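Subject: Structure for you to look at

Hi,

Here is the structure I said I'd pass on. Have a look at it first, and then read my notes underneath.

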Amino acid sequence: MSANGLEVFDKTLQTTNIWLDEIMARVGPDRKVAWKVLSVVLHKLRDRLPVPLAAHLGQELPMLVRGVYFDQFQPEKQPTRVRDFDEFVDEVQSWLSDTRPVDPVEACRAVFCVLSRHVPEGQISKVRDSLPHSIRDAWLAAEEGPGPDAIARAARHAGPPAPRLTA
């Protein structure tokens, strides 16, 4: 029996919660912040992609995540002119300014990793290949894990991280 009345809702909630748990493991234990991180990074990524590719990526997302991904979608303004990872991170940081401090590089890395784990590799390859080299390199570094080389590569593009609050 479905907890929400429809199995499709149960499935998208379950999958979305798995994605949020993976993001929280990197940015801290706050589901609302994880949702904001996922939403912001997906929007910035979507806006940087050519419209057909953005649409194809959206179709690979869980239904609930797909809804936020396409929220405020303006295809006529795509792709944006974000040329490198610094600009991408700056936009993410700006859009995360209404939440507790979150390292925008780590936010990007968290979402890149979730997408790489849960979206088919062929689609992720197309998305990565359409991005400027420094964003692509940061994505690949995120997939390699948090080793010193990967962190150094990402940090080289983003500058100092935002301060983190400790409880």
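Q72 sits in the loop between helix 4 and helix 5. This is a predicted model, so please read everything below with that in mind. The phi of Q72 is near 60°, a positive value in a residue that isn't glycine. Most residues other than glycine have a negative phi, and most peptide bonds are trans. Q72 is also exposed, because its relative accessibility is 62% and the cut-off is over 50%.

The other backbone oddity is at P79, again in the loop between helix 4 (63-70) and helix 5 (85-95). The bond joining Q78 and P79 is a cis peptide, with omega at about -10°.

Now the pocket, which may be more your thing. The largest one has a volume of about 230 Å³. Q72 turns up here too: the lining consists of W35, K36, S39, V40, H43, K44, R46, D47, D71, Q72, Q74 and W95. Helix 2 (residues 31-48) gives the largest share of that lining, with 8 residues. By type, the lining residues are 5 charged, 4 polar and 3 nonpolar.

Is K44, one of the lining residues, buried or exposed? K44 counts as buried, because its relative accessibility is 10% and the cut-off is under 20%. K44 belongs to helix 2, and apart from neighbours within four places in sequence, it has contacts with F88, E91, V92 and W95. W95 is in the pocket lining as well.

On to helix packing. The axes of helix 1 (residues 7-27) and helix 2 come within 9 Å of each other and cross at roughly 100°. That makes the two helices roughly perpendicular, because the angle falls in the 65 to 115 degree range. On the helix 1 side the contact involves T16, N17, W19, L20, D21, I23 and M24, and these meet R31, A34, W35, V37 and L38 of helix 2. The contact residues split into 8 nonpolar, 2 polar and 2 charged. W35 is also in the lining of the largest pocket.

The second pair is helix 7 (residues 121-129) with helix 8 (residues 133-144), whose axes come within 9 Å and cross at roughly 140°. Helix 7 contributes I124, V127, R128 and D129, while helix 8 brings R136, W139, L140 and E143. Here the residues in contact are 4 nonpolar and 4 charged, with no polar ones.

Cheers

Note on methods: Residues are numbered from 1 along each chain as its sequence is written. This is a predicted model: local features need pLDDT of at least 70, side-chain atom pairs count only at pLDDT 80 or more; totals for chains, interfaces and linings use all residues. Side-chain values use heavy atoms; hydrogens and water are left out. On a 1 Å grid over the protein atoms alone, a cavity is a set of points where a 1.4 Å probe fits but cannot get out, and a pocket is an open set with protein on both sides within 12 Å along at least five of seven lines; lining residues have an atom within 4 Å of a point. Grid points are joined across faces, edges and corners, and a volume is the space filled by probe spheres set on the points. Helices (H or I, at least four residues) and strands (E, at least two) are DSSP runs, numbered from the N terminus. Ala, Val, Leu, Ile, Met, Phe, Trp, Tyr, Cys and Pro count as nonpolar, Asp, Glu, Lys and Arg as charged, and the others, Gly among them, as polar. Buried means under 20% relative accessible area, exposed over 50%, partly exposed in between (1.4 Å probe, protein chains only). Contact means heavy atoms within 4.5 Å. Axes are lines fitted to C-alpha atoms, for helices over the stretch in contact, and angles run from 0 to 180 degrees between N-to-C directions. Angles under 35 degrees count as roughly parallel, over 145 as roughly antiparallel, 65 to 115 as roughly perpendicular and the rest as oblique.
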